[in-house]
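Open the model in your viewer and keep the sequence panel beside it. This tour goes stop by stop, with a selection to make at each one.

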Amino acid sequence: MTTINNYQQALSFIHGRTKFKKIPTLERMRTFLNELGNPQNVLKCIHVTGTNGKGSVVAMTRNILMAHGLTVGTFTSPFITRFNERISLDGQPIADDDLVRLTARVARVVDRLDQELPTGGPTEFEIDTAIMFCYFAEVKPDVVILEVGIGGTYDSTNVITSPVATAITSVGYDHMKYLGSTLAEIASQKAGIIKEGRPMVIGQLPAEALTVVKRVAQQHHTRLWQAGVDFQTKKLNANGFHARISYRGSALSLNQADLALAGDYQVGNAGVAITLASLFLEDVKIPLNRAAVIHGLADTQWPGRMEVVNEEPLVILDGAHNLPGIQALCQTIRDDFAEREVYLLVAILADKQYEEMLGELASLPNVHLTATRFAGPGKQRPSADLATILTQLSTHYPAREVDNWQESFADIAHQLSADDVFIVTGSLYFISDVRHLMKD
């Protein structure tokens with residue numbers, strides 16, 4: 001039997017589990033939760049998926065609802081500083097004692113299922129999800145906002161049966177090994193969180209993906225709230241790093257609101273978040289308050305996503321961990337930093353489209369590109385060796401590859417002038433390592 005008496009034992013148990021099973025299924029997760037008393041069934045949930053933007057939408061929706069006086073649980077991934085961040089109440093991570101106690105409870109069931117199930121017991125993410133459901137069933141927040149881990153259809157969060165609302169923030173190429181090689185296949189997996197008769201909010205989706213989502217929504221009698229059609233969000237300050245937006249929807253019109261989260265891509269995320277929040281408030285019969293929406297957007301922080309860690313010179317941490325994320329970062333550099341020298345320190349996991357990602361960054365005329373490596377989240381997901389790719393790229397300034405990212409970070413930081421911009425980007429796991437370095 002597994003023994004869990006302290007925080008380190010809890011984390012060792014969680015992280016020691018297998019990450020994936022060969023055949024995707026929700027039956028193991030349903031069996032698991034049934035043994036735990038089905039804690040998910042007592043919760044009011046909002047369910048969010050998407051290639052990029054999930055975390056930001058969760059954070060903005062959380063803060064808008066908190067500004068309306070609600071208590072809000074969130075389940076997000078990956079964590080940036082500590083595991084506890086993944087399970088938070090009103091933005092405060094689960095306490096160590098609660099995590100240890102609930103992990104011990106869950107572990108007893110896992111031990112039993114390891115023996116009983118032909119394919120073995122739950123995976124790491126299924127255990128994370130079970131701990132989360134058990135915690136929120138105890139503390140009973142007004143709403144739990146669930147961020148999908150990967151895809152949607154077979155994600156362990158998809159055991160909920162009747163969320164108040166769902167969302168697809170974006171659809172792009174990522175996790176193709178698990179979700180499919182075309183946008184239609186990826187969209188089909190994300191559309192798997194659509195539930196019968198429950199409204200879904202969608203961001204700006206590629207036509208191929210939108211066709212799939214519309215078809216699945218129709219099959220489930222789901223009303224879609226589509227960006228650019230059912231609600232409009234616009235950036236008002238063309239070259240502003242922190243966007244000022246307007247929003248028009250059926251329940252609310254905002255002439256002006258400031259986003260605390262930086263980057264142009266947050267404009268679309270804000271529109272999805274406002275619409276999600278308004279649907280939830282309508283469901284629980286709480287009047288939508290314009291001032292609360294404005295306050296919630298202006299008060300939202302999300303570590304590792306265009307996170308400003310120094311103002312002058314400007315130092316930014318941005319976990320642009322896939323091709324769509326890098327493309328969004330490049331657009332922000334073009335729009336907001338075109339007249340400034342931009343220094344990039346980049347590390348990417350080997351299972352990502354790192355050739356295309358580096359190619360996007362190399363195309364920018366004002367970028368000084370440094371690629372590096374880091375430990376990665378585990379032996380199965382190493383950091384990519386980018387040295388060969390760099391030799392094949394045409395860049396305005398010489399690109400370089402360094403083995404020791406800590407030394408490179410210090411070197412770049414020391415050569416910056418007040419007007420320069422330093423962006424650390426790539427894997428969110430790399431961003432986590434950098435944040436730890438900066439705190440030490």
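UniProt positions are given here in the numbering used for this model, and an annotation may be inferred rather than shown by experiment. Keep that in mind for a later stop. The model itself is predicted.

**Stop 1: the whole chain**

Show everything as a cartoon. The protein chain holds 15 helices and 17 strands. Its radius of gyration is 21 Å, close to the 22 Å that the globule rule gives for 440 residues, so the chain is as compact as a globular protein of that length. Along the principal axes, the C-alpha atoms fill a box of roughly 60 × 50 × 40 Å. Colour by burial next: buried residues make up 56% of the 440. Contacts reach far along the sequence. Of those between residues at least 6 apart, 74% join residues at least 24 apart.

**Stop 2: the sheet of 8 strands**

Select β1 to β8. They form an open sheet in the order β4-β3-β2-β5-β1-β6-β7-β8, with mixed pairing. At the edges sit β4 (92–93) and β8 (224–226), each paired on one side only.

Zoom in on β2 and β3 (residues 87–89). These two strands pair in the antiparallel sense over 3 bridges. Label G73 and you will find L89 of β3 opposite. Now add helix α5, residues 124–139. Helix α5 lies across β2, β3 and β5, and runs at about 20 degrees to β3.

**Stop 3: strand β6**

Select residues 165–168. Which residues of β6 are buried on each side? A165 and A167 are buried on one side, T166 and I168 on the other, and both faces of the strand are covered.

Look at the two neighbours of β6 in turn. Strand β1 (residues 45–49) runs parallel to β6, joined by 4 bridges. T49 has I168 as its bridge partner there. Strand β7 (residues 200–202) also pairs with β6 in the parallel sense, over 3 bridges. I168 stands opposite I202 in β7.

**Stop 4: helix α3**

Select residues 54–67. At 1.5 Å a residue, the 14 residues of α3 should span 20 Å, and the end C-alpha atoms are indeed 20 Å apart. Is this helix enclosed or open? Of its 14 residues, 12 are buried, so α3 is largely enclosed by the rest of the structure. Among the buried ones are K54, R62 and N63, along with V57, V58 and I64.

Show what surrounds the helix. The buried residues of α3 pack against β1, β2 (72–75), β5 (143–147), α9 (266–283) and α10 (290–298). Then step past the end of α3 to G69, whose phi is positive, near 90 degrees.

**Stop 5: L279**

Click on L279, which lies in helix α9. With a relative accessible area of 9%, L279 counts as buried, since the cut-off for buried is under 20%. Leave aside the neighbours within four places in sequence. What does L279 contact then? The list is V164, A165, P199, V201 and W225. A165 is a residue you met in β6. For a sense of distance, draw a line from L279 to D98: the C-alpha atoms are 31 Å apart, and these positions lie 181 residues apart along the chain.

**Stop 6: residues 304–427**

Select this range. An unreviewed UniProt entry annotates it as "domain: Mur ligase C-terminal". Over these residues the chain is 31% helix and 24% strand, and the end C-alpha atoms are 10 Å apart.

**Stop 7: the sheet of 6 strands**

Select β12 to β17. This open sheet has the order β12-β13-β17-β14-β15-β16, with mixed pairing. The edge strands, each pairing on one side only, are β12 (307–310) and β16 (400–402). Neighbouring strands here are turned by 25 degrees against each other on average, direction ignored.

At one edge, β12 and β13 (residues 314–318) run antiparallel, joined by 3 bridges. E307 stands opposite L317 in β13.

Finish with two helices that pack on this sheet. Helix α12 (residues 354–362) touches β14 (342–347) and β15 (367–372), and its direction makes about 155 degrees with that of β15. Helix α14 (residues 405–415) touches β14, β15, β16 and β17 (421–426), with its direction at about 175 degrees to that of β14.

Note on methods. Residues are numbered from 1 along each chain as its sequence is written. This is a predicted model: local features need pLDDT of at least 70, side-chain atom pairs count only at pLDDT 80 or more; totals for chains, interfaces and linings use all residues. Side-chain values use heavy atoms; hydrogens and water are left out. Buried means under 20% relative accessible area, exposed over 50%, partly exposed in between (1.4 Å probe, protein chains only). Two strands pair if DSSP finds at least two bridges between them. Axes are lines fitted to C-alpha atoms, for helices over the stretch in contact, and angles run from 0 to 180 degrees between N-to-C directions. Contact means heavy atoms within 4.5 Å. The expected span of a helix is 1.5 Å times one less than its number of residues. The radius of gyration is taken over C-alpha atoms; the globule rule is 2.2 Å times the number of residues to the power 0.38.
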